[in-house]
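Grab a pencil and work through these exercises with the structure open beside you. Try each task before you read its solution.

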Amino acid sequence: MSGMSGSLSGNLVRWARIKSPWITIFNSGACNACDIEIIACLMPRFDVERFGILAKGSPRHADILIVTGRVTRKQASRLRRVWEQIPEPKYVIAVGACGAGGGVFEGLYHVLDGPECVIPVDIYLAGCPPRPDEIINAVVACLGLMEQDAAHGGKEWRQKQPAGKAGHASTGEGAV
Amino acid sequence: MNKKLTLEEVTGKLGRFGTVEQARFNRIRVSMEPDTIRDAIIAAQGDLACERLLAISTADNTETLELIYHLIGPHRTVISLATRLPSHLPKIRTISDILPPAGIYERQIHDLFGITFDGHPGLNRLMLNEDWPEGEYPLRKDWKPEPGRFYGGIREDRS
(Lines give C-alpha, C1' and ligand atoms only; values in the text may rest on other atoms or scores of the structure.)
Protein backbone atom coordinates (compact mmCIF):
# COMPACT_ATOMS: atom_id res chain seq x y z
CA MET A 1 0.00 0.00 0.00
CA SER A 2 1.25 3.46 -0.80
CA GLY A 3 1.62 5.86 2.05
CA MET A 4 2.11 3.14 4.62
CA SER A 5 5.88 3.32 4.89
CA GLY A 6 7.70 5.38 7.42
CA SER A 7 9.21 7.65 4.82
CA LEU A 8 8.51 11.34 4.79
CA SER A 9 6.54 11.26 1.55
CA GLY A 10 4.55 8.27 2.76
CA ASN A 11 3.68 10.01 5.99
CA LEU A 12 2.68 13.10 4.05
CA VAL A 13 0.36 11.15 1.76
CA ARG A 14 -1.16 9.38 4.75
CA TRP A 15 -1.72 12.62 6.58
CA ALA A 16 -3.30 14.22 3.51
CA ARG A 17 -5.59 11.27 2.90
CA ILE A 18 -6.94 11.29 6.43
CA LYS A 19 -7.12 15.07 6.51
CA SER A 20 -9.24 15.25 3.37
CA PRO A 21 -10.88 12.02 2.21
CA TRP A 22 -12.55 12.18 -1.16
CA ILE A 23 -15.69 10.14 -1.53
CA THR A 24 -17.68 8.83 -4.44
CA ILE A 25 -21.30 7.77 -4.20
CA PHE A 26 -22.73 4.78 -6.01
CA ASN A 27 -26.38 3.77 -6.02
CA SER A 28 -26.48 0.03 -6.52
CA GLY A 29 -30.24 -0.25 -6.44
CA ALA A 30 -31.45 1.76 -3.48
CA CYS A 31 -34.75 3.60 -3.28
CA ASN A 32 -32.91 6.97 -3.36
CA ALA A 33 -33.67 7.89 0.26
CA CYS A 34 -30.06 7.20 1.28
CA ASP A 35 -28.84 9.19 -1.71
CA ILE A 36 -30.95 12.14 -0.65
CA GLU A 37 -29.48 11.98 2.85
CA ILE A 38 -25.96 11.84 1.43
CA ILE A 39 -26.73 14.82 -0.78
CA ALA A 40 -28.03 16.56 2.34
CA CYS A 41 -24.58 15.98 3.88
CA LEU A 42 -22.97 17.83 1.02
CA MET A 43 -25.39 20.74 1.11
CA PRO A 44 -24.79 23.86 3.26
CA ARG A 45 -26.72 22.68 6.31
CA PHE A 46 -24.32 19.84 7.15
CA ASP A 47 -21.60 20.84 4.70
CA VAL A 48 -19.03 18.07 5.01
CA GLU A 49 -16.67 20.05 2.83
CA ARG A 50 -15.66 22.09 5.89
CA PHE A 51 -14.16 18.83 7.24
CA GLY A 52 -12.35 18.28 3.97
CA ILE A 53 -14.69 15.53 2.78
CA LEU A 54 -15.18 16.11 -0.91
CA ALA A 55 -17.62 14.31 -3.17
CA LYS A 56 -16.09 13.39 -6.49
CA GLY A 57 -17.84 12.29 -9.62
CA SER A 58 -15.14 9.91 -10.74
CA PRO A 59 -14.13 6.86 -8.69
CA ARG A 60 -10.56 7.32 -9.93
CA HIS A 61 -10.24 10.39 -7.71
CA ALA A 62 -11.85 8.89 -4.63
CA ASP A 63 -10.60 7.20 -1.46
CA ILE A 64 -13.93 6.08 -0.03
CA LEU A 65 -16.77 4.47 -1.97
CA ILE A 66 -20.21 4.97 -0.46
CA VAL A 67 -22.60 2.31 -1.71
CA THR A 68 -26.30 2.75 -1.08
CA GLY A 69 -28.68 -0.12 -1.22
CA ARG A 70 -28.93 -3.73 -2.20
CA VAL A 71 -27.06 -4.78 -5.33
CA THR A 72 -29.34 -5.51 -8.25
CA ARG A 73 -28.28 -8.08 -10.81
CA LYS A 74 -27.85 -5.37 -13.40
CA GLN A 75 -25.67 -3.19 -11.17
CA ALA A 76 -23.41 -5.94 -9.80
CA SER A 77 -20.82 -5.85 -12.59
CA ARG A 78 -20.97 -2.04 -12.69
CA LEU A 79 -20.32 -1.80 -8.96
CA ARG A 80 -17.40 -4.17 -9.31
CA ARG A 81 -15.94 -2.04 -12.12
CA VAL A 82 -16.37 1.19 -10.16
CA TRP A 83 -14.65 -0.39 -7.16
CA GLU A 84 -11.77 -1.61 -9.31
CA GLN A 85 -11.15 1.92 -10.56
CA ILE A 86 -10.58 3.36 -7.08
CA PRO A 87 -6.86 3.62 -6.29
CA GLU A 88 -5.46 1.74 -3.29
CA PRO A 89 -6.00 2.05 -0.37
CA LYS A 90 -9.74 2.01 -0.93
CA TYR A 91 -12.52 1.86 1.63
CA VAL A 92 -16.17 0.99 1.21
CA ILE A 93 -19.09 2.16 3.33
CA ALA A 94 -22.42 0.35 2.83
CA VAL A 95 -25.13 2.83 3.72
CA GLY A 96 -28.62 1.99 4.86
CA ALA A 97 -30.57 -0.98 6.10
CA CYS A 98 -30.60 -2.48 2.60
CA GLY A 99 -26.85 -2.46 2.30
CA ALA A 100 -26.41 -3.90 5.77
CA GLY A 101 -29.15 -6.50 6.04
CA GLY A 102 -31.40 -6.65 3.02
CA GLY A 103 -34.12 -4.23 3.99
CA VAL A 104 -37.31 -4.38 1.98
CA PHE A 105 -35.54 -5.78 -1.09
CA GLU A 106 -34.43 -9.00 0.57
CA GLY A 107 -35.25 -12.08 -1.49
CA LEU A 108 -36.54 -10.36 -4.60
CA TYR A 109 -35.82 -11.87 -7.97
CA HIS A 110 -33.73 -9.00 -9.26
CA VAL A 111 -31.36 -8.48 -6.31
CA LEU A 112 -28.24 -10.25 -5.14
CA ASP A 113 -27.11 -10.03 -1.56
CA GLY A 114 -25.60 -6.90 -0.10
CA PRO A 115 -22.56 -5.13 -1.50
CA GLU A 116 -20.30 -7.62 0.32
CA CYS A 117 -21.10 -10.26 -2.32
CA VAL A 118 -19.41 -8.09 -4.96
CA ILE A 119 -16.82 -5.99 -3.12
CA PRO A 120 -15.29 -6.03 0.37
CA VAL A 121 -17.12 -3.69 2.73
CA ASP A 122 -15.32 -1.95 5.59
CA ILE A 123 -18.14 -0.14 7.36
CA TYR A 124 -21.84 -0.88 7.59
CA LEU A 125 -24.16 1.97 8.42
CA ALA A 126 -27.68 1.11 9.55
CA GLY A 127 -30.76 3.27 9.24
CA CYS A 128 -33.56 3.63 6.75
CA PRO A 129 -32.29 6.10 5.72
CA PRO A 130 -29.46 7.04 8.10
CA ARG A 131 -29.43 10.67 9.15
CA PRO A 132 -26.77 12.94 7.64
CA ASP A 133 -24.94 13.19 10.97
CA GLU A 134 -24.76 9.40 11.09
CA ILE A 135 -23.31 9.34 7.60
CA ILE A 136 -20.67 11.89 8.67
CA ASN A 137 -20.00 9.71 11.70
CA ALA A 138 -19.49 6.70 9.44
CA VAL A 139 -16.99 8.58 7.30
CA VAL A 140 -15.15 9.70 10.45
CA ALA A 141 -15.12 6.09 11.70
CA CYS A 142 -13.71 5.08 8.33
CA LEU A 143 -10.93 7.61 8.83
CA GLY A 144 -10.16 5.99 12.18
CA LEU A 145 -9.99 2.67 10.38
CA MET A 146 -7.59 4.20 7.86
CA GLU A 147 -5.32 5.38 10.65
CA GLN A 148 -5.36 1.95 12.31
CA ASP A 149 -4.66 0.26 8.99
CA ALA A 150 -1.75 2.58 8.42
CA ALA A 151 -0.36 1.69 11.84
CA HIS A 152 -0.75 -2.04 11.12
CA GLY A 153 0.65 -1.71 7.62
CA GLY A 154 -2.41 -2.89 5.73
CA LYS A 155 -5.91 -4.25 6.02
CA GLU A 156 -4.85 -7.83 6.77
CA TRP A 157 -4.98 -7.46 10.55
CA ARG A 158 -8.76 -7.01 10.32
CA GLN A 159 -9.34 -10.23 8.40
CA LYS A 160 -11.30 -12.76 10.38
CA GLN A 161 -9.28 -15.85 11.16
CA PRO A 162 -10.68 -19.21 10.04
CA ALA A 163 -12.52 -21.00 12.84
CA GLY A 164 -9.88 -23.67 13.47
CA LYS A 165 -6.94 -21.34 13.50
CA ALA A 166 -6.14 -19.63 16.77
CA GLY A 167 -5.40 -16.02 16.04
CA HIS A 168 -5.58 -12.80 17.91
CA ALA A 169 -9.19 -11.82 18.38
CA SER A 170 -9.79 -8.87 16.13
CA THR A 171 -13.05 -7.45 14.92
CA GLY A 172 -13.70 -8.06 11.28
CA GLU A 173 -15.64 -5.13 9.99
CA GLY A 174 -16.32 -2.05 11.99
CA ALA A 175 -19.98 -1.31 12.63
CA VAL A 176 -21.33 2.13 13.30
CA MET B 1 -62.04 20.53 -27.60
CA ASN B 2 -62.01 20.50 -23.81
CA LYS B 3 -65.39 18.81 -23.56
CA LYS B 4 -65.19 15.34 -22.11
CA LEU B 5 -66.15 12.39 -24.26
CA THR B 6 -69.39 10.74 -23.26
CA LEU B 7 -70.17 7.05 -23.25
CA GLU B 8 -72.59 7.55 -26.16
CA GLU B 9 -69.95 9.21 -28.34
CA VAL B 10 -67.47 6.42 -27.72
CA THR B 11 -70.10 3.73 -28.26
CA GLY B 12 -70.97 5.35 -31.59
CA LYS B 13 -67.39 5.31 -32.80
CA LEU B 14 -65.94 2.20 -31.15
CA GLY B 15 -69.04 0.16 -30.36
CA ARG B 16 -68.53 -2.09 -33.38
CA PHE B 17 -65.23 -3.38 -31.94
CA GLY B 18 -66.49 -4.61 -28.58
CA THR B 19 -68.36 -3.79 -25.40
CA VAL B 20 -68.07 -0.23 -24.13
CA GLU B 21 -68.45 0.65 -20.47
CA GLN B 22 -67.75 3.61 -18.22
CA ALA B 23 -65.02 2.16 -15.99
CA ARG B 24 -64.56 5.33 -13.95
CA PHE B 25 -65.61 8.95 -14.06
CA ASN B 26 -62.95 9.80 -16.60
CA ARG B 27 -62.21 6.45 -18.15
CA ILE B 28 -64.14 4.57 -20.79
CA ARG B 29 -63.19 0.98 -21.33
CA VAL B 30 -63.68 -0.94 -24.56
CA SER B 31 -63.13 -4.71 -24.35
CA MET B 32 -62.43 -6.46 -27.62
CA GLU B 33 -60.71 -9.32 -29.39
CA PRO B 34 -56.95 -9.15 -30.00
CA ASP B 35 -57.18 -8.95 -33.80
CA THR B 36 -59.41 -5.84 -33.79
CA ILE B 37 -57.30 -3.76 -31.43
CA ARG B 38 -55.25 -2.21 -34.20
CA ASP B 39 -58.31 -0.99 -36.11
CA ALA B 40 -59.79 0.27 -32.86
CA ILE B 41 -56.67 2.32 -32.12
CA ILE B 42 -56.71 3.79 -35.64
CA ALA B 43 -60.41 4.61 -35.22
CA ALA B 44 -59.81 6.18 -31.80
CA GLN B 45 -57.00 8.26 -33.23
CA GLY B 46 -59.06 9.44 -36.17
CA ASP B 47 -62.60 9.78 -34.87
CA LEU B 48 -62.09 10.54 -31.18
CA ALA B 49 -58.84 12.59 -31.39
CA CYS B 50 -57.12 10.14 -29.03
CA GLU B 51 -53.75 10.59 -30.64
CA ARG B 52 -51.66 10.10 -27.51
CA LEU B 53 -50.67 6.97 -25.66
CA LEU B 54 -50.86 7.24 -21.89
CA ALA B 55 -49.64 3.75 -21.02
CA ILE B 56 -49.93 0.11 -21.88
CA SER B 57 -50.75 -1.98 -18.85
CA THR B 58 -50.73 -5.72 -18.45
CA ALA B 59 -52.24 -8.01 -15.87
CA ASP B 60 -51.80 -11.72 -15.43
CA ASN B 61 -55.12 -13.47 -14.81
CA THR B 62 -53.42 -16.91 -14.81
CA GLU B 63 -55.24 -18.28 -17.90
CA THR B 64 -55.17 -15.04 -19.84
CA LEU B 65 -52.93 -12.01 -20.02
CA GLU B 66 -54.91 -8.81 -20.11
CA LEU B 67 -53.41 -6.09 -22.28
CA ILE B 68 -54.86 -2.58 -21.96
CA TYR B 69 -53.93 0.37 -24.18
CA HIS B 70 -54.75 3.69 -22.55
CA LEU B 71 -55.21 6.51 -25.04
CA ILE B 72 -55.86 10.17 -24.33
CA GLY B 73 -56.45 13.33 -26.32
CA PRO B 74 -57.14 17.03 -25.88
CA HIS B 75 -60.56 16.17 -24.42
CA ARG B 76 -58.75 14.62 -21.41
CA THR B 77 -60.82 11.46 -21.41
CA VAL B 78 -58.95 8.18 -21.09
CA ILE B 79 -60.02 5.51 -23.55
CA SER B 80 -58.87 2.07 -22.39
CA LEU B 81 -58.81 -0.53 -25.13
CA ALA B 82 -58.61 -3.89 -23.39
CA THR B 83 -57.97 -7.30 -24.82
CA ARG B 84 -57.08 -10.74 -23.54
CA LEU B 85 -54.38 -13.05 -24.80
CA PRO B 86 -53.95 -16.73 -23.91
CA SER B 87 -51.11 -17.23 -21.43
CA HIS B 88 -49.58 -20.20 -23.26
CA LEU B 89 -49.14 -18.33 -26.56
CA PRO B 90 -49.34 -14.56 -25.99
CA LYS B 91 -48.88 -12.94 -29.36
CA ILE B 92 -50.20 -9.70 -30.81
CA ARG B 93 -49.36 -7.35 -33.65
CA THR B 94 -47.27 -4.35 -32.64
CA ILE B 95 -48.74 -0.85 -32.68
CA SER B 96 -45.36 0.86 -32.62
CA ASP B 97 -45.73 1.79 -36.31
CA ILE B 98 -48.95 3.75 -35.75
CA LEU B 99 -48.03 4.94 -32.22
CA PRO B 100 -44.22 5.18 -31.93
CA PRO B 101 -44.12 5.67 -28.12
CA ALA B 102 -45.70 2.24 -27.74
CA GLY B 103 -42.42 0.66 -28.79
CA ILE B 104 -40.69 1.06 -25.45
CA TYR B 105 -43.74 -0.14 -23.52
CA GLU B 106 -43.84 -3.22 -25.70
CA ARG B 107 -40.19 -3.94 -25.00
CA GLN B 108 -40.86 -3.76 -21.27
CA ILE B 109 -43.93 -5.98 -21.47
CA HIS B 110 -42.03 -8.47 -23.59
CA ASP B 111 -39.28 -8.47 -20.97
CA LEU B 112 -41.43 -8.98 -17.90
CA PHE B 113 -44.52 -10.84 -19.20
CA GLY B 114 -43.28 -12.54 -22.35
CA ILE B 115 -45.87 -11.17 -24.76
CA THR B 116 -44.50 -11.23 -28.31
CA PHE B 117 -45.27 -8.20 -30.41
CA ASP B 118 -45.12 -9.16 -34.07
CA GLY B 119 -43.51 -6.59 -36.31
CA HIS B 120 -41.72 -4.67 -33.57
CA PRO B 121 -38.45 -3.30 -35.01
CA GLY B 122 -36.26 -4.21 -32.00
CA LEU B 123 -37.80 -6.29 -29.25
CA ASN B 124 -34.69 -6.34 -27.05
CA ARG B 125 -34.23 -6.43 -23.30
CA LEU B 126 -35.10 -3.21 -21.54
CA MET B 127 -35.39 -3.74 -17.79
CA LEU B 128 -33.85 -7.06 -16.87
CA ASN B 129 -30.11 -7.62 -16.77
CA GLU B 130 -28.34 -8.74 -19.90
CA ASP B 131 -27.50 -12.20 -18.56
CA TRP B 132 -31.04 -13.00 -17.43
CA PRO B 133 -32.02 -16.44 -18.81
CA GLU B 134 -34.30 -16.60 -21.84
CA GLY B 135 -37.88 -17.68 -21.38
CA GLU B 136 -38.23 -16.54 -17.75
CA TYR B 137 -40.82 -13.86 -17.19
CA PRO B 138 -40.69 -12.69 -13.57
CA LEU B 139 -43.99 -10.80 -13.42
CA ARG B 140 -46.06 -13.82 -14.41
CA LYS B 141 -48.11 -15.22 -11.57
CA ASP B 142 -46.88 -18.78 -12.09
CA TRP B 143 -43.19 -17.81 -12.24
CA LYS B 144 -40.90 -18.95 -9.49
CA PRO B 145 -37.11 -18.71 -9.47
CA GLU B 146 -35.57 -22.08 -10.01
CA PRO B 147 -33.15 -22.92 -7.19
CA GLY B 148 -29.63 -23.41 -8.41
CA ARG B 149 -30.16 -21.54 -11.66
CA PHE B 150 -28.00 -18.54 -12.50
CA TYR B 151 -30.13 -15.44 -12.98
CA GLY B 152 -27.34 -12.99 -13.66
CA GLY B 153 -25.14 -10.74 -11.62
CA ILE B 154 -21.88 -11.95 -10.13
CA ARG B 155 -21.29 -15.68 -10.01
CA GLU B 156 -20.75 -17.29 -6.63
CA ASP B 157 -17.04 -18.05 -7.10
CA ARG B 158 -16.28 -14.27 -7.13
CA SER B 159 -13.58 -14.67 -9.73
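**Exercise 1: Get your bearings**

Starting at the N terminus, the elements of chain A come in the order α-β-α-β-β-α-β-α-β-α-β. Keep in mind that you're looking at a predicted model.

Task: work out how many helices and how many strands chain A has.

Solution: go along the order and tally each kind of symbol. You should end up with five helices and six strands in chain A.

**Exercise 2: Check a helix**

Task: find out why the span of helix α1 (residues 8-19) of chain A fits its number of residues. Then say how many of its residues are buried.

Solution: begin with the expected span, which is 1.5 Å times one less than the number of residues. For the twelve residues of α1(A), that gives 16 Å. Next, look at the C-alpha atoms at the two ends: they are 16 Å apart, so the expectation and the model agree. Now for burial, where a residue needs 20 or more other C-beta atoms within 10 Å of its own to count as buried. Of the twelve residues in α1(A), one is buried, so by this cut-off the helix is hardly covered.

**Exercise 3: A covered strand**

Task: say which residues lie on each side of strand β4 (residues 91-95) of chain A, and whether they are buried or exposed.

Solution: split the strand into its two faces. One side holds Y91(A), I93(A) and V95(A), while V92(A) and A94(A) sit on the other. Every one of these is buried, so both faces are covered. That fits the count for β4(A): five of five residues are buried. For chain A as a whole, buried residues make up 37% of the 176 residues.

**Exercise 4: Find the neighbours**

Task: which strands pair with β4(A), and in what sense?

Solution: take one partner at a time.

- Strand β3 (residues 64-68) of chain A pairs with β4(A) in the parallel sense over five bridges. Here L65(A) has V92(A) as its bridge partner. Helix α3 (residues 73-85) of chain A joins β3(A) and β4(A) in a right-handed β-α-β unit.
- Strand β5 (residues 123-125) of chain A also pairs with β4(A) in the parallel sense, over three bridges. A94(A) has Y124(A) as its bridge partner. With helix α4 (residues 96-101) of chain A, β4(A) and β5(A) make a right-handed β-α-β unit.

**Exercise 5: Meet the other chain**

Task: how many residues of chain A are in contact with chain B, and of which classes are they?

Solution: nine residues of chain A touch seven of chain B. Sorted by class, the chain A side has five nonpolar, one polar and three charged residues.

Definitions and conventions:
Residues are numbered from 1 along each chain as its sequence is written. Chains are lettered from A and ligands numbered from 1 in the order in which they are written. This is a predicted model: local features need pLDDT of at least 70, side-chain atom pairs count only at pLDDT 80 or more; totals for chains, interfaces and linings use all residues. Helices (H or I, at least four residues) and strands (E, at least two) are DSSP runs, numbered from the N terminus. Two strands pair if DSSP finds at least two bridges between them. A crossover is right-handed if, with the strands pointing away from the viewer, the path from the first strand over the helix to the second runs clockwise. Two residues are in contact if their C-beta atoms, placed from the backbone, lie within 7 Å. Ala, Val, Leu, Ile, Met, Phe, Trp, Tyr, Cys and Pro count as nonpolar, Asp, Glu, Lys and Arg as charged, and the others, Gly among them, as polar.
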